[in-house]
Amino acid sequence: MSGPRYVCIHGHFYQPPRESPWLEAVERQESAWPAHDWNERVSDECYGPNAAARMLDGDGRIVAITNNYARTSFNLGPTLLSWLEEHRPRVYAAVLRADRESRERFDGHGSAIAQVYNHMILPLASPRDRVTQVRWGLADFRRRFGREPEGMWLAETAVDTASLEALAAEGVAYTILAPHQCARVRPPGGGWFDTRGQRVDPRRPYLARLPSGRSIALFFYDGPISRAVAFERLLDDGHRFAGRLLGAFDGRDEAQLVHIATDGETYGHHHAYGEMALAAALARIDRESGVRLVNYGQYLAMQPPAWEAEIVEATSWSCMHGVERWRSDCGCNSGTGWHQRWRAPVRAALDWLAGELAPRFETEGAKVLVDPWAARDAYVDVVLDRSEGTIDAFLAKRGAPGLDEAGRRRALSLCEMQRHAMLMYTSCGWFFDEPSGLETIQVLRYAARAIQLARDVFGEDLEPRFRALLAKAPSNRPEYGDVDGIYRELVRPSQIELADVAAHFAIASVFDDVPSRALRGYDAELLEHDVAVSGVSRLATGRLAVRSRTTLEDGDYSYAVLHLGDHNLIGGLRDFEHPARHVGMHGAVRHPFDRADITEVVRQVHRHFGGRTFSLRSLFHEDQSAVLERLLEARTRAVEQTLEQVYDQIAPLMRFLQSLGQAPPGVFRAAAEYTVQIRLHRAVAAGVEIDLLRLSRVLEEAMEAQVVLDPIALGASLLGSLLEVVEAVRAEPESLARAQKLAELAAFVASSPWKMDLSSAQEALFEHMREHFTKWRAAGPDREPWLASITSAAVSLRVRPPS
C-alpha cells in the first residue's frame with residue numbers, strides 16, 4: 001500500500017528590468033519585432049496565454065479556458081509584475097486572481113511566492129545588497145498579493161548559507177533548489193550520507209539548519225523531468241507530460257511529492273502552445289485517483305520535513321561551475337563560439353563602483369537620512385508608489401529632521417543612486433555571450449545612471465576610472481573592441497539631463513494642439529505657450545517647468561522652436577532667469593517670423609540660446625517615431641492619391657495585357673502593388689465598420705493584378721477588426737445585427753490564409769457564450785437568431801458552444 005501522492009509544478013516567470021534608467025520606460029527593442037519590446041512579446045506568448053489556457057476536444061475545438069497559475073506554484077519577478085501592472089492590466093489582474101483562487105484550492109496557501117527583487121545573484125552580492133534584495137522582494141509581494149509570502153525564489157536558484165540566512169531572517173519558510181545543489185542529507189535519528197551528483201531524493205522536503213539557529217525548508221526539484229520539460233520537448237504532448245509526472249512515484253508507504261521547476265517562459269514562449277500542454281497535464285492529474293495537485297505551502301503544512309539537508313555552497317541551476325557564469329569565462333554560454341573573457345572585468349568594474357558609492361552614501365546620507373541603510377531598505381515603498389503622499393511619508397519617517405527642499409532632493413537622489421547600484425547587478429547582464437547584447441548594455445546603463453547621480457550629489461566624477469576598468473573587458477565584436485567601446489557607443493548616447501527632457505517637451509509642443517505634459521519619470525507644466533503659424537511654418541515660444549518624479553530635481557526654462565515643415569526644425573532652450581529677458585527673446589524671434597523673415601528667426605534663436613539649440617533628433621525615440629509618422633502622414637497620403645489615380649488609369653490596360661499573356665511593365669506593377677495593398681489594408685482594418693463585400697471586391701482586384709500580399713500585416717489588421725467586433729458584441733449582447741456581423745466576419749477569418757493568433761478573440765467569445773447561452777436557451781425560440789449567429793461564429797473560430 002503506497003502512501004499519499006502529490007504533484008506540484010513550479011514556474012519561474014521573470015523578465016529583467018528593461019526600463020531606461022532616465023525615462024523609467026521600456027524603449028523599443030527591434031530584436032523583439034513585431035512586438036514593441038521583449039516584455040510585450042513574451043507576455044503575449046506566455047504570461048497572457050497561461051492566464052487563459054485553452055483546452056481542446058478531439059476535434060480541436062476549445063471546450064474550456066483555464067488559469068494555469070491557479071493550479072501551479074509560481075513566482076513572477078517584481079520587475080515583471082511592475083510592467084504587467086501598467087501595460088497588461090488584464091494579465092496582471094488574472095495573476096492576482098489566481099493566487100486568491102489557489103488559496104481556496106490549497107487550504108489557504110497561495111501559489112504565488114516571492115522573488116529576490118531584481119534577480120541579483122545573492123552569493124556574489126554584498127551583505128547589505130543581499131538583505132535589501134530580500135526585503136524589497138518581500139515588500140513588493142505584500143503590496144501586490146496582500147499577504148505574507150511563504151516561499152521565495154532565489155535568482156538562478158543561486159544559493160549559499162548566507163543567502164539562506166537572509167531568507168530565514170525575514171521569515172521565509174522555504175525555497176526551491178536544483179537536485180545537484182544538495183550536498184548531503186540525513187534521516188531522523190540517522191547519519192549523514194552524500195548526495196552530490198543529483199542523488200538526492202526529490203520526493204520529500206528537507207530542513208536546512210543554519211548557523212544562526214534558524215532553519216528553512218528546501219525543496220529539491222526533480223531534475224530529469226524538469227530538463228525534459230525545458231529541453232526535451234515533453235510539452236509536445238500534455239498527456240505524456242502528465243504521465244511522466246505520475247510515473248515518478250515509487251511504492252513506498254509514505255507521502256511523496258513529485259515536483260518540477262522550470263522557467264515559466266517554457267510554457268508558451270520557448271515552446272509554442274506549452275501553456276496548453278500544461279493545462280492538459282493539470283487536468284489529467286486532477287482526474288487521477290489517489291493523486292492531488294498541491295503547492296509547496298500546502299504540502300509543507302501537511303508534511304513538515306523530517307529529513308535534514310545541507311547545500312553545496314555557491315551553486316545555481318544554470319551553471320555547472322557554481323556561480324562562475326556571473327563572474328568568469330567558465331565555459332557556460334549560448335553556443336555562439338564567442339569567449340566570455342569580458343565577464344570578470346565587467347563585474348570587477350561594477351564592484352569597484354559599488355565600493356566607491358557605498359561609503360559616500362553612508363557619509364552623505366547621514367546628513368539627510370536618520371539611518372541611510374535602513375532608509376534604503378524602506379525606499380522600496382517609494383519605488384512602488386511615486387505619489388507625493390508616499391514620498392512625504394518616507395521622508396517624514398526616514399529623513400533627517402527639518403529637511404528643506406534641497407535636502408529632500410538630495411535624500412531621494414541618494415536612494416535612487418543606490419537603487420541603480422543594485423539594478424546594475426541584474427543577473428542577465430552576465431548570462432549571455434556578448435556584452436553588446438541588450439542585457440549587458442542595460443546593466444551598464446544602470447551603472448551610468450548611478451554615476452550621474454553621484455556626480456550631482458557628491459560633485460565628483462567616477463566615470464573615467466569606471467570606463468578605464470571597462471576597457472579591460474574584451475568584446476567579441478571588433479567594431480567595439482572592448483566594453484568601454486560599447487559604453488561609449490551604446491550607453492553614453494542614451495544618458496539625458498533635465499534640460500534634455502525640457503527640450504523634448506518644447507519640441508512636442510509644436511506638434512500638439514494640447515502639448516503633452518507628462519512623460520514617465522517626469523512632469524512638465526507649460527507656464528507660457530504661444531504658437532504662431534505662417535504657411536507651413538510654426539513658431540512655438542514659451543516657458544516650461546520640468547520636474548523629475550524620482551529625485552524631485554526641477555528646472556524652469558525659456559524656449560523657442562521653429563518648424564519649417566517636414567523634418568526641418570530648430571529650437572533653443574535656456575534657464576529662465578528674468579521676465580524681461582524672456583520677453584525680449586519672445587519678441588526677437590516673433591517679429592521676424594511675423595514678417596516671414598525665417599533667416600532672421602534662425603539667427604535670433606542662435607543669438608538668444610547660444611550653444612543650447614536642438615533639432616528633431618533631440619526628441620526621445622518613442623515620441624520621435626510618432627512625430628515623424630505625423631509629419632509623413634500628409635506627404636504619404638498625397639503620394640498614395642497620386643498612385644491611386646495612376647493605377648485607376650492603367651488598370652484596364654493591365655488587365656488587357658494579362659489577357660494576352662503579356663507581363664505589364666514593372667512601373668505598372670509597382671503602382672498596382674502599392675495601391676491594391678493600401679486599399680486592402682483599409683478594408684481589413686475598418687474595425688466594427690468592416691464591409692466584407694467591399695473587402696471581397698478588393699481581394700478579387702488583388703488577384704487580377706497578381707499582387708503579392710503580406711499575410712502577417714493583413715492578418716494583424718484583420719485580427720484587430722475581429723477583436724473590435726467581438727468586443728462590440730459583448731458590449732451590446734442584445735444587438736442581433738452585431739451578432740450576425742460577427743458570424744459573417746468569423747467565417748471570413750476561418751477561410752483566410754493570413755497569419756493570426758485567435759486566442760484573444762476565442763477567449764472573449766468563450767466568455768460571452770458562458771455568460772449568455774444558458775439564459776438565451778431558457779428564453780425559447782425568440783432567442784434562436786442570437787444563438788444561431790453566435791454558434792456560427794464559435795464554429796468558425798474553433799470554439800465549442802457550451803452544452
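Which residues does Arg467 touch, not counting residues up to four places away in sequence? In this predicted model, the partners of Arg467 on that count are Asp484, Tyr487, Arg488 and Arg492. Arg467 itself sits in helix H17, which runs over residues 463-470. Its relative accessibility is 19%, and because buried means under 20%, Arg467 counts as buried. Between the C-alpha atoms of Arg467 and Leu742 there are 60 Å, with 275 residues separating the two along the chain.

Asp201 can be described in the same terms. Asp201 belongs to the loop between strand S9 (193-194) and strand S10 (206-209). Its relative accessible area is 17%, so Asp201 is buried. Once neighbours within four places in sequence are left aside, Asp201 is in contact with Tyr206 and Arg252. The C-alpha atom of Asp201 lies 59 Å from that of Glu405, and the two residues are 204 residues apart along the chain.

Glu405 also falls in helix H14, which covers residues 405-423. Two helices that pack on H14 are described here, beginning with H10 (residues 343-368). The axes of H10 and H14 come within 10 Å and cross at roughly 155 degrees. Because angles over 145 degrees count as roughly antiparallel, H10 is roughly antiparallel to H14. The crossing of H10 with H14 is left-handed. On the H10 side, the contact is made by Leu357, Ala358, Phe361, Glu364, Gly365 and Val368. Facing them in H14 are Gly407, Arg410, Ala411, Leu414, Cys415, Met417, Gln418 and Ala421. Sorted by class, the residues of this contact between H10 and H14 are nine nonpolar, three polar and two charged. The spacing of such residues along a helix has a general background: an α-helix has 3.6 residues a turn, so residues three or four places apart point the same way.

The other partner is helix H13 (residues 388-398), whose axis comes within 11 Å of that of H14 and crosses it at roughly 95 degrees. That angle makes H13 roughly perpendicular to H14. Here Ile391, Asp392, Phe394 and Leu395 of H13 meet Arg408, Ala411, Leu412 and Cys415 of H14. The contact of H13 with H14 holds six nonpolar residues, no polar ones and two charged ones. Ala411 and Cys415 of H14 are listed in the contact with H10 and also in the contact with H13.

Further along the chain is helix H23, residues 666-684. Why does a span of 27 Å agree with the 19 residues of H23? At 1.5 Å a residue, H23 should span 27 Å, and its end C-alpha atoms are 27 Å apart, so the two values agree. The buried residues of H23 include Phe668, Ala671, Ala672, Thr675 and Val676, and further on Leu680, Ala683 and Val684. The buried residues of H23 pack against helix H22 (621-659), helix H24 (692-704) and helix H25 (711-731).

The packing of H23 with H25 can be given in more detail. Their axes are 8 Å apart, at an angle of about 25 degrees. H23 and H25 are therefore roughly parallel to each other. Leu680, His681 and Val684 of H23 make this contact with Ala713, Leu714, Ser717, Leu718 and Ser721 of H25. By class, five of the residues in the contact of H23 with H25 are nonpolar and three are polar, with no charged residues.

The N-terminal part of the chain offers helix H2, residues 78-87, in which Pro78, Thr79, Leu80, Leu81, Trp83 and Leu84 are buried. Among the elements covering these residues of H2 are strand S1, helix H1, strand S4 (73-76), helix H3 (89-105), strand S5 (114-115) and helix H4 (127-145).

Some backbone details remain. Most residues other than glycine have a negative phi, and most peptide bonds are trans. Trp33 and Pro34 are joined by a cis peptide bond, with omega about 10 degrees. Pro34 is in the loop between strand S1 (5-13) and helix H1 (38-51). Glu24 is found in the loop between S1 and H1 as well, and has a positive phi near 60 degrees. Glu24 counts as buried, at 13% relative accessibility. Thr157, in the loop between strand S6 (152-153) and helix H5 (161-169), has a positive phi of about 50 degrees without being a glycine. Thr157 is buried, with a relative accessible area of 0%.

Conventions:
Residues are numbered from 1 along each chain as its sequence is written. This is a predicted model: local features need pLDDT of at least 70, side-chain atom pairs count only at pLDDT 80 or more; totals for chains, interfaces and linings use all residues. Side-chain values use heavy atoms; hydrogens and water are left out. Axes are lines fitted to C-alpha atoms, for helices over the stretch in contact, and angles run from 0 to 180 degrees between N-to-C directions. Helices (H or I, at least four residues) and strands (E, at least two) are DSSP runs, numbered from the N terminus. Angles under 35 degrees count as roughly parallel, over 145 as roughly antiparallel, 65 to 115 as roughly perpendicular and the rest as oblique. A crossing is left-handed if the near helix is turned anticlockwise from the far one by less than a right angle, and right-handed if clockwise. Contact means heavy atoms within 4.5 Å. Ala, Val, Leu, Ile, Met, Phe, Trp, Tyr, Cys and Pro count as nonpolar, Asp, Glu, Lys and Arg as charged, and the others, Gly among them, as polar. The expected span of a helix is 1.5 Å times one less than its number of residues. Buried means under 20% relative accessible area, exposed over 50%, partly exposed in between (1.4 Å probe, protein chains only).
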